[in-house]
Amino acid sequence: MEEKKTSLLYKIVRWFVWLFSPKYRLEGAEKLPEEPCIIVGNHSHMYGPIAGELYTPGPHYIWCAGEMMNRKEVAAYAYRDFWSGKPRGTRWFFKLLSHLIVPLSLLVFNNSHTIAVYHDTRLISTFRESIRRLQAGCRIVIFPECYDEHNHIVHAFQEKFVDLARLYYKKTGQALRFVPLYVAPELKTLFFGEAIQFRPEAPIEEERDRVCNWLMDEITRIAQAQPLHTVVPYPNVSRRHYPVNRPEEAEKLKHGPVDYRGFSLRRLNEPRFSHVKLLGGWIFYFVMYFITENLIPWERCTPIHCALDDLIPFNELFLIFYVGWYFLVFGSLLYTFFGDVDNFRHLQKFIIVTQVVAMLCYVLWPSRQDLRPEVFQRENLLTALMGFIYAFDTPTGVCPSLHVAYSLGILSVGLKDRKLARGWKLALTFFVVMVCVSVCFVKQHSALDVLAALPLCLLAEALVYGRDYWLPRLRGEKAP
């Protein structure tokens with residue numbers, strides 16, 4: 001069999017692609033016929049072709065858009081097929097990028113095991129080259145999805161590739177078999193399904209329909225038989241719009257409890273457990289807390305004070321709400337983590353946004369307050385506890401107040417929770433208001449710190465809820 005001559009530069013690029021792309025295992029490879037066949041898979045953006053090139057067993061060639069192998073056509077095709085759906089403000093960048101990738105595209109696609117595919121009169125050359133490779137004992141790998149929807153796993157197949165089997169039969173007298181392939185990047189697995197054999201005696205229109213529907217249904221069946229995971233679709237859409245293999249199960253998990261008994265760090269990317277990664281925000285918080293508390297000198301911090309602070313007396317009774325804040329935060333995270341994953345995601349994202357912005361403020365513009373009383377007018381359990389808090393929590397890194405920001409985030413999530421009774425929402429609102437007031441009465445924050453937390457919370461609200469919750473309402477639509 002005649003092999004393509006590959007350049008050294010291509011071999012280097014291929015090695016780097018292998019190094020940094022997912023390492024796939026093969027499942028069902030024993031279903032591949034020993035004789036030449038056609039492997040048909042879901043595209044999964046570029047994951048499918050890359051995995052097909054690197055991991056398909058035995059000698060093989062992959063159908064590739066011929067435009068990506070022609071210097072004059074690469075830029076226009078790449079922009080139209082990959083990036084034309086990008087936001088209008090960024091399209092200039094992707095138009096530039098489509099021209100920059102021309103040398104790389106020519107290097108990769110003209111040196112790898114590819115067969116140029118065209119949708120005009122040049123299609124005959126595609127079939128001739130494919131027949132030649134099949135006769136030489138190679139497998140042909142095809143990713144024939146188009147933009148027409150079929151289901152949540154695969155888009156509809158372009159059917160003309162089935163004609164390759166008819167031409168091969170006329171040439172050799174042998175009926176080709178088509179093998180379904182499900183590419184699952186999140187599971188790092190290539191799944192091969194049961195093959196379907198071409199029927200030479202049947203009308204070609206009937207065979208196109210039969211073979212394509214069998215392949216799409218088999219790929220769908222394979223996908224739905226796997227653990228819950230994200231499906232990488234054919235269209236180049238935002239990751240937040242990626243479907244999952246079992247939507248009904250995912251919807252139940254989204255608003256319900258999760259069984260963590262099967263959890264392990266290796267399963268963090270599964271939709272069922274991916275929310276656990278959000279807890280990593282607390283690592284950032286505690287690292288930054290250590291820096292701001294211990295490594296920023298007192299003298300560098302700007303005192304925060306306003307006239308209202310002088311009118312607010314110290315009152316140790318508010319320590320009940322101030323300390324209650326810790327139970328509020330921990331209890332809210334615990335409740336949503338085990339009882340409502342969707343609300344946990346929203347709450348933790350809200351907290352992360354406020355954490356990051358507040359910590360940047362503390363580092364770039366260190367702040368402190370000098371409001372604490374030198375002596376307590378009364379000696380009791382609450383003032384003793386207040387003295388203990390003063391000792392370990394220095395009055396630096398105060399503006400904006402994270403006490404207030406976290407509390408308002410919890411209130412935002414709670415008020416949107418349809419399962420939470422009205423009485424609990426009223427109680428939560430009262431407690432959050434008292435927490436926000438308490439930081440001033442126990443002299444842990446200035447009133448300015450409280451006010452500074454409000455725009456911070458508005459930013460977090462916009463980032464966490466803006467697109468899916470507030471934007472539909474502003475348009476007069478019914479939000480989910």
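## A tour of side-chain contacts

Start with Glu194 and Lys31, which form a salt bridge whose closest N and O atoms are 3.7 Å apart. This is a predicted model. The two residues come from distant parts of the chain, 163 residues apart. Glu194 is in the loop between β9 (189-192) and β10 (196-197). Lys31 is in the loop between β1 (25-27) and β2 (38-41). Both ends are partly exposed: Glu194 at 42% relative accessibility, Lys31 at 29%.

**More salt bridges**

The whole structure holds 18 salt bridges. Select Glu53 and Arg14 next. Their side chains meet at 3.4 Å, N to O. This bridge also joins distant parts of the chain: Glu53 belongs to helix α2 (residues 47-55), Arg14 to helix α1, and 39 residues separate them. Glu53 is buried at 10% relative accessible area. Arg14 is partly exposed at 31%.

Now go to Asp417 and Lys419. Here the salt bridge spans 3.6 Å, N to O. Which partner is buried, and which exposed? Asp417 is buried, with a relative accessible area of 6%. Lys419 is exposed, with 52%.

For a network, select Arg199, Glu206, Glu207 and Arg210. Salt bridges link these four residues.

**A lysine over rings**

Select Lys416, then show Tyr465 and Tyr469. The charged end of Lys416 sits over the Tyr465 ring, 4.1 Å from its centre. Lys416 also lies over the face of Tyr469, 5.1 Å from that ring centre.

**Aromatic pairs**

There are 32 aromatic pairs in the whole structure. Take Phe161 and Phe178, an edge-to-face pair with centres 5.9 Å apart and planes at 70 degrees. Where along the chain do these two rings lie? Phe161 is in the loop between β7 (155-157) and α7 (163-172). Phe178 is in strand β8 (residues 177-184), 17 residues from Phe161. Both rings belong to buried residues: Phe161 has a relative accessible area of 2%, and Phe178 has 0%.

Move to Trp325 and Tyr326. This pair is edge-to-face too, at 4.8 Å centre to centre and 80 degrees between the planes. Trp325 is buried at 7% relative accessibility, whereas Tyr326 is partly exposed at 37%.

Keep those two selected and add Trp282, Tyr285, Phe286, Tyr289 and Tyr406. Together with Trp325 and Tyr326, they form one aromatic cluster.

**A nonpolar patch**

Show the surface and select Leu8, Leu9, Ile12, Trp15, Phe16, Trp18, Leu19 and Phe20. These residues make a nonpolar surface patch of about 870 Å². Pick out Leu19. Leu19 lies in helix α1 (residues 8-20) and is partly exposed at 34% relative accessibility. Arg14, from the salt bridge with Glu53, is in helix α1 as well.

**Cysteines**

End with the cysteines. How many disulfides does a search of the whole structure find? Zero. Select Cys138 and Cys37. The Cys37 sulfur is the closest cysteine sulfur to that of Cys138, yet the distance is 11 Å, too far for a bond. Cys138 is buried, at 0% relative accessibility.

Then select Cys399 and Cys361. Why is there no bond from Cys399? The closest cysteine sulfur, in Cys361, is 7.4 Å from the sulfur of Cys399, which is too far. A disulfide needs the two sulfur atoms within 2.5 Å. Cys399 is also buried, at 11% relative accessibility.

Definitions and conventions. Residues numbered from 1 in each chain as written. Heavy atoms only, no water. Buried < 20%, exposed > 50% of the residue type's maximum accessible area, 1.4 Å probe, protein only. Phe/Tyr/Trp six-rings, centres within 6.5 Å; stacked < 30°, edge-to-face > 60°. Helix = DSSP H or I, 4+ residues; strand = E, 2+ residues; numbered from the N terminus. Lys NZ or Arg CZ within 6 Å of the ring centre and 35° of its normal. Patch = residues over 30% accessible without salt bridge, like charges linked within 9 Å, V, L, I, M, F, W, Y side chains within 5 Å. Areas by Shrake-Rupley, 256 points an atom, 1.4 Å probe, with all protein chains shown as cover.
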